[in-house]
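Colleague: I have not worked with this structure before. Please take me through some of its features.

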Amino acid sequence: MSETYPTTWRRPPQIIRSARWRYAVQLGIAIYLALALGTIEVDWGRVADGLARGQRFAAGFLQPDFVSRWADISRGLIESLTMTLTSTVVGVLISIPVGIGAAANLVPAPVYFVCRGIIAVSRALQEVIIAIFLVAMFGFGPFAGFLTLSFATIGFLAKLLADDIEEIEPGQVEAVRATGASWTQLVNYAVQPQVMPRLIGLSLYRLDINFRESAVIGIVGAGGIGATLNTAIDRYEYDSAGAILLLIIGIVMIAEYGSSYLRKFLQ
Amino acid sequence: MLHLDGLSKTYATGEAALSDVTLTVPQGQIMGLIGPSGAGKSTLIRCINRLVEPSSGKVILGDVDLARLGKAELRRQRRRIGMIFQEYALVERLTVMENVLSGRLGYVPFWRSLLRKYPARDIQTAYRLLDRVGLMNRADSRADALSGGQRQRVGIARALAQEPELLLVDEPTASLDPKTSRQIMRLITEICAERGLPVIVNIHDVPLAQQFMQRIVGLRAGRIVFDGAPADLTEAALTEIYGAEDWNAMRQGDSEQAEAEADAARRLEALAK
């Protein structure tokens, strides 16, 4: 009897059912790509110049100079690290209430919308844009950087915390509620134990994002190692720039290994 | 004593989960609530402590109508009602002791619960309850390190820590093996008998209900269709509750299971010799 069943099977198309439309879309993409590539103008002379500069840059990397600008580098690094740590702590402290307020299963609708609004604003504005604003407001230096990173941390952490709270085990919440617990006790006993490991993991992750961002926003004047790096490149001191980049890579790697070790330890 | 009067619940979807349920549970009675899935058993016990808001009707515990309370007063009244859950509903990352002490949350101010500085009497009660359910040496374990039966024992201790006047039990054995199920049912009924505590147990295992309950109420599509002693639960009554099915085969299956258990126990004993 088994001979009467088909011996071949093909996965049915999942997104676009009609074969004609599928081919039309594929053709459209190919035509667009061809046209777009045609509009790119390449000035080969400038490419050659750039390659020569790139070569000097690479040479600087291979012979990084930590010594001649060490005073500037170490000041920049300390500024960046200070900025990173303080902004992460302040950002986390603010994002916890905002994140709880943005969890639909814990708060009434008006609170939810306000907190989601705060998150949306913080996430909509990219760090560099906020840094430009804040540098204009508070002047050059790490204070503007600290404010920028704190603000960006709120959007990132509060959103992920809120999403995590919305996915907690409802049975545990129900059980604690059934004992006659107040709202704060409910958060402390049923919610906090469920989200704590992830909150710590996310905070550590944000710590290393903030360090990397501190290098970027330094370029627009918000202090830290980014400012030092910018100065070094402006002065064509590629050996010092190389040293700075190596230091940034090293610190990010330490943060990466350190935070994954800590997270494993906390779980 | 608990008295439900004309209790109804219609969900936002328009589905009527409970229609006009009137029921009295006297002091010290162990009542089983049986019925098919979706008959409204869970809704009924959750309407009592208002984890689900009833649409209409009264829930009278002692002389308070729970259905009419404001938020703060509801929290105070919830302390009087202990609840035991199907999937244990322990807070898994907290210790066993914290889970038991969480039964006292309605009685202590926030700072005490936050700092885990419970009054000496509460801690003593928690230890006594842990000893009663046989988990004295697991007080400092995390709840997720326990087996299913042990977790349900913690659930029982937590509910009793409230010093409740009524116990609601939602499918206490649904996630447990048959032997542990019987142990848990025996523990619940023994403790309630000791304290003269009225209990409502949602239970889908009819033989288990007949073995342990003093009274059985059958629910079908949100209405009470049977109310009587376990012995009165005839085949006709079960058909009324669950629809047509071969009930004798089910009973037989259960006696087979009991035999198999006894056989396994004998073999273990033989091995031990």
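Colleague: How much space lies in the largest pocket?

Modeller: This is a predicted model, where local features need pLDDT of at least 70, side-chain atom pairs count only at pLDDT 80 or more, and totals for chains, interfaces and linings use all residues; side-chain values use heavy atoms, without hydrogens and water. Residues are numbered from 1 along each chain as its sequence is written, with chains lettered from A and ligands numbered from 1 in the order in which they are written. On a 1 Å grid over the protein atoms alone, a pocket is an open set of points where a 1.4 Å probe fits, with protein on both sides within 12 Å along at least five of seven lines; lining residues have an atom within 4 Å of a point. Grid points are joined across faces, edges and corners, and the volume filled by probe spheres set on the points of the largest pocket is about 470 Å³.

Colleague: Which element gives the most to the lining of the largest pocket?

Modeller: Of the 16 lining residues, the closest to the centre are Arg177(A), Trp183(A), Lys71(B), Arg75(B) and Arg78(B). Two or more residues come from each of helix H8 (183-218) of chain A and helix H2 (71-78) of chain B, helices being DSSP runs of H or I with at least four residues, strands runs of E with at least two, numbered from the N terminus. With five residues, the element that gives the most is H2(B).

Colleague: How far apart are the end C-alpha atoms of helix H7 of chain B?

Modeller: H7(B) covers residues 178-195, which is 18 residues. The expected span is 1.5 Å times one less than the number of residues, so H7(B) should span 26 Å. The model agrees, with the end C-alpha atoms apart by 26 Å.

Colleague: Which residue follows H7(B)?

Modeller: At the start of H7(B), a side-chain oxygen of Asp177(B) comes to within 3.1 Å of the backbone nitrogen of Lys179(B). After H7(B) comes a residue with a positive phi, near 60 degrees, namely Gly196(B).

Colleague: Is Arg116(A) buried or exposed?

Modeller: Arg116(A) is part of helix H4 (residues 109-124) of chain A, and its side chain reaches the backbone oxygen of Ala102(A) at 3.0 Å. Buried means under 20% relative accessible area, exposed over 50%, and partly exposed in between (1.4 Å probe, protein chains only). Because its relative accessibility is 18%, Arg116(A) counts as buried.

Colleague: What is the phi of Arg116(B)?

Modeller: Arg116(B) sits in the loop between H4 and helix H5 (120-132) of chain B. At 28% relative accessibility, Arg116(B) counts as partly exposed. Although Arg116(B) is not a glycine, its phi is positive, at about 60 degrees.

Colleague: Where is Glu163(B) placed?

Modeller: Glu163(B) is another residue other than glycine with a positive phi, near 50 degrees. Its relative accessible area of 34% makes Glu163(B) partly exposed. Its place is in the loop between helix H6 (148-161) and strand S7 (166-170) of chain B.

Colleague: In chain B, where is confidence lowest?

Modeller: pLDDT is the predictor's confidence in each residue, from 0 to 100. Chain B has a mean pLDDT of 88, and 95% of its residues reach 70 or more. Where pLDDT is low, the predicted coordinates should not be read in detail. Confidence in chain B is highest in helix H3 (residues 96-101), at 95, and lowest, at a mean of 70, in helix H10 (residues 247-272).

Notes
A polar contact is a pair of N or O atoms within 3.5 Å; within protein, one must be able to donate a hydrogen and the other to accept it, and residues adjacent in sequence count only if both atoms are side-chain atoms.
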